[in-house]
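Student: Could you walk me through this model with some questions and answers? I am new to reading structures.

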Amino acid sequence: MIALLLILTPLAAGLLSFAMKQGSAAKHFSLLASVVTLVLALMAVYAPSAPYFDAAWLSDLGSRVTLKMDGMGKMLCLLTAVSYPLIFAAVYKNEYKQPASFFGLMLLTQAGLMGVFLAADALLFYFFWELALIPVYFLCSIWGGEKRIAVTFKFFVYTFIGSLLMLVGILYVYFHTADHSFAMESFYKVNLSNHQQAYMFWLFFIAFAIKMPIFPLHTWQPDAYEQSPTATTMVLSGVMVKMGIFAVIRWLIPVFPQATAQFGNVVIILSVTGMLYASLIAIRQDDIKRLIAYSSIAHIGLMCAAMFTGNRSGMEGVMIQMFSHGVNVIGLWIIADVIEQQLGTRKMSELGGLAQKAPAMAILFVVMALANVALPLTNAFIGEFLMFSGLFRFNMWMAAMAGISIILAAVYTLNMVQKVIYGELSATSSKAVDLSGNVKLVLVVIALMIIIFGVYPQPMINLTKDSVAAIFLIK
């Protein structure tokens, strides 16, 4: 039942939020609902048995409401549950027009995300996939920046095409299952020829690659991240991109193993190309949000490459890094939002010397930045180490090419720190005030998670090791 509550709690809270007339009440209620969801997620993670729920839904079509929470599901549900209170607390003082609708749509997105990570039925998975995406269109188009309409339309076209391709693939596999069922087990047992798997592989992969996103299907992402309200950008980059990674592990690799082996090289080449491409563009950015956006593309590219190496080391690294990247990038977005809210700019060329006016912000920004480059003793290090280890075992030259992105990441991240935090105090930065209240508390919590899981990552490894083992036992 707890698996169902993880979906129903933010869903019901989101619907109730729409009915609230006072914006402050909607804000308080949404934060409270996110905390309740976090408590439920912690209960699920530490439950003696894996949470499971099954009920009739579309029986004539062979689809049921089946929710299953393995180690990977627990980790991603926990990431989703942890992210929302941090995001809501960080933007607590921000003013939004129609706040009841804003927070209601944010909570509906959380319900969809939870459903994606829990669904053990392909049709149900597709339903929640759309439920997570649709509120984001409205969040971006109503509360976004000046170019929000064009950017949202581009985002819509990309994701609509991807969703349509995935739906066609789901229906094709469904008609080839032995019992005409959408159940995950039936999909895993489906018997398709190599030719059929090849076509289905690309239908599913394109849909998932758009969501991650992977080169060359990434072009919607920097614009969407820049134009979306920062709270929505945090959800997009911290949690929602993990939908694509999760979907590849849950639905693509186990259902189409021959095609995965056949096209794994192509995907890895695209992923590594995207890592280098995004890193080089990040170096040239002056806008903090766009730099973080391209940095995220590079990190996701490494995760995608590691997934297709076919060894446990790479897959274990992906599992850990999904959580670590989510936490770290939310921290960076919060810093970017604080700077923009205080100083009215995101351009690094207009900043400088913030450490003199806001020492606490400077220290926490440096911690987030060091985690972004996967410095040892930060939470990102162990995940990247395992992913590079898996990639090296797969192909030494590909690992060497991907390794260049580590150097490039250090260049653009430390360059950002230098321009924003250190140097002479600019006229713009002279108006800055140091962190306090909710924002400072949230960033301290994130910094503690970075350090704790950097020093002792074993809980994350233990949480997902059974999921990793199961992937290599299927077929």
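Student: Which handedness does the crossing of helix 5 and helix 8 have?

Tutor: Let's start with the terms: helices are DSSP runs of H or I with at least four residues, numbered from the N terminus. A crossing counts as left-handed if the near helix is turned anticlockwise from the far one by less than a right angle, and as right-handed if clockwise. For helix 5 and helix 8, the crossing is left-handed.

Student: How can I trust the details, and at what angle do helix 5 and helix 8 pack?

Tutor: This is a predicted model, where local features need pLDDT of at least 70, side-chain atom pairs count only at pLDDT 80 or more, and totals for chains, interfaces and linings use all residues. Residues are numbered from 1 along each chain as its sequence is written, and side-chain values use heavy atoms, leaving out hydrogens and water. With axes as lines fitted to C-alpha atoms over the stretch in contact, and angles running from 0 to 180 degrees between N-to-C directions, the axes of helix 5 (residues 122-143) and helix 8 are 13 Å apart and their angle is about 30 degrees.

Student: Which residues of helix 8 meet helix 5?

Tutor: Contact means heavy atoms within 4.5 Å. From helix 5 come Phe125, Trp129 and Leu133. Their partners in helix 8 are Ala207, Phe208 and Lys211.

Student: Where is proline 213, and what form does the peptide bond from methionine 212 to proline 213 take?

Tutor: Proline 213 sits in the loop between helix 8 (194-211) and helix 9 (220-227). Most peptide bonds are trans. Omega from methionine 212 to proline 213 is near -10 degrees, and this bond is cis.

How values were computed
Helices (H or I, at least four residues) and strands (E, at least two) are DSSP runs, numbered from the N terminus.
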